[in-house]
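Ready for a few exercises with worked solutions? Have a look at the model first, then try each task before reading on.

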Amino acid sequence: MKEKGWKDVPLGGLILEAGSAKEYLTGSWRTFRPVLDEKKCKHCLICWIYCPDSSIIVEDGKMKGFRYDYCKGCGICSTECPFKAIEMIEEAKYKAEKEGEK
Amino acid sequence: METIKAMTGDEIAAETIRQINPDVMAAYPITPQTEIVQIFSEFVANGLVDTEMVRVESEHSAMSACVGAASAGARAMTATSANGLALMWEIVYIAASLRLPIVMPVVNRALSGPINIHCDHSDSMGARDSGWIQLYSENCQEIYDNLIQAVRIAEDKSVLLPVMVTFDGFIISHGTERVKILEDEQVRKFIGKYNPRYPLLDIDNPVTYGPLDLFDYYFEHKRQQVEAMKNALDVIKKIGGEYTQLSGRSYELIEEFGSPDADLVVIAAGSTAGTVKGAIEELKEEGINAKLLKIRAFRPFPQDEIKQSLRKVAVVAVMDRSASFGAVGGPIFLEVRSALLDEERRIPVVNYIYGLGGRNIGIEDIKKVFQDLIQIRKTGKVKNLVNYLGVRE
């Protein structure tokens, strides 16, 4: 999202439209990234129930991964998962591994 | 047709609020403001206003009620003094930040401690960076005129800031003076119907008030407040002009009194401006030409008008009815001195801290200040930059 200048934002910090949180990508706050082990996941959706940020992607009743644009990496899903299918990996390490793969 | 009445400052403040007929009045009593809300509650009980009177349990709640009501789209008011203003502090800033045009009489009283109920400006001067416009009133007539204009100033689309209308505790709040009062209809026509910009009660256009605002946007919102204050300079002048049309009384950001060409100037705000006028009249009879520069608007600070007014003078004394502990001098002094810094000609400016906790100030005290100025004009030397007028050594 391109940040607007002081002449273009609504006065007083007001938000004039509903659903604007969608434009506010809080995923950049994350230090730890949840990573799903698809083999262990039983699609019980306990992660979906607990996620405080609606960041669990569910399609046709199946756990399909995370909305990393909004997931702040709190780790509640990982803690609550009864099958230890979600691992919290340090973002820096994750990025280093990604780059190593290239 | 105007009527003339004898009223105290608190009585005229209540009467003005009756004429303004706000949607919501939050009320909590504190000396010397108490009579305002007490008298106004009688107006409510007698059905003279349409106002919803909210009896709150503290000033923090009073300002919170105003913020809630103003966000909902109501014209909201409250009134306070000293420790009451201190207790509502958190919400005072929030009211300005949310750009809610709340109007609040502040009856100037010394902040505790030690506990004191009498006049000084430590309460409103402490709030000078809160984002509220501040209009200082010299007498009962100015309370009336400033309160009416404050509604228009606050609600102006290029401003949208809350306004404090201050007047000196007991000296003015409990002093009876002659006041000219307009007809209710004239006042209501002048202030007009309030058209709130984003009322929460407009359910067809829902908005969010008060969301989290971090490092990425907070600064932009503060910059907007700076601009609104700047815009207020012109708006205060414009509405002052319109009010002159209605009342015949002129209102600018500052007021000058005395010989226009006098080179000895005393700057004051509040009731002391009246005392300075008395001193100037006596000095005139003694053959001394002197001038008063009265600060009506302290926020926004009328820098250009002050510079223009002082361009040709020899020496200036600034009267501060509050101390800024650890600073070079009192708050008005600091601003005036700073405003004059980029003038080509260096004008000596001295400061007099006076009247703390209601310590009396009379014409003789002001004449002493003018005598000091005469000395500085003669010698070109400032012995004491900051003086404490009326304190016992």
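The exercises below go from the chain contact to helix packing, nonpolar cores and salt bridges.

This is a predicted model, in which local features need pLDDT of at least 70, side-chain atom pairs count only at pLDDT 80 or more, and totals for chains, interfaces and linings use all residues. Residues are numbered from 1 along each chain as its sequence is written, chains are lettered from A and ligands numbered from 1 in the order in which they are written, and side-chain values use heavy atoms, with hydrogens and water left out.

**Exercise 1.** Describe the contact between chain B and chain A.

Step 1. Chain B brings 19 residues to the contact and chain A brings 15 residues, where contact means heavy atoms within 4.5 Å.

Step 2. About 1,700 Å² is buried between the two chains, and carbon and sulfur atoms give 64% of that. Buried area here is the accessible area (1.4 Å probe) that two parts lose on being put together, summed over both.

Step 3. On the chain B side, B:Asp216, B:Tyr217 and B:Gln224 lose the most area to chain A, together 31% of what that side buries.

Step 4. Between chain B and chain A the count is 0 salt bridges.

**Exercise 2.** Is B:His221 buried or exposed, and which residues does B:His221 touch?

Step 1. Find B:His221 in helix α9 (residues 218–247) of chain B; helices (H or I, at least four residues) and strands (E, at least two) are DSSP runs, numbered from the N terminus.

Step 2. B:His221 counts as buried because its relative accessibility is 10%. The cut-offs are under 20% relative accessible area for buried, over 50% for exposed, and partly exposed in between (1.4 Å probe, protein chains only).

Step 3. Leaving out residues up to four places away in sequence, B:His221 touches A:Val9, A:Pro10, A:Gly12, A:Gly13 and B:Asp213.

**Exercise 3.** Which residues of α7(B) meet α8(B)?

Step 1. From α7(B) come B:Tyr144, B:Ile148, B:Gln149, B:Val151 and B:Arg152, and they meet B:Val187, B:Phe190 and B:Ile191 in α8(B).

Step 2. Sorted by class, this contact has 6 nonpolar, 1 polar and 1 charged residues. Ala, Val, Leu, Ile, Met, Phe, Trp, Tyr, Cys and Pro count as nonpolar, Asp, Glu, Lys and Arg as charged, and the others, Gly among them, as polar.

**Exercise 4.** Which helix gives the most to the largest nonpolar core?

Step 1. A nonpolar core is a set of buried Ala, Val, Leu, Ile, Met, Phe, Trp, Tyr and Cys residues joined through side-chain atoms within 4.5 Å. Of the 52 residues in the largest one, those touching the most other members include B:Tyr144, B:Leu147 and B:Ile236.

Step 2. The answer is α7(B), with 9 residues.

Step 3. Another core, of 27 residues, lies apart from it, with B:Val56 and B:Met88 among them.

**Exercise 5.** Which parts does the salt bridge of B:Asp184 with B:Arg18 tie together?

Step 1. The closest N and O atoms of B:Asp184 and B:Arg18 are 2.8 Å apart; a salt bridge is a side-chain nitrogen of Lys or Arg within 4 Å of a carboxyl oxygen of Asp or Glu.

Step 2. B:Asp184 lies in helix α8 of chain B and B:Arg18 in helix α1 (residues 9–20) of chain B, so the pair ties together parts 166 residues apart in sequence.

Step 3. B:Arg18 is buried, with a relative accessible area of 12%, whereas B:Asp184 counts as partly exposed at 25% relative accessibility.
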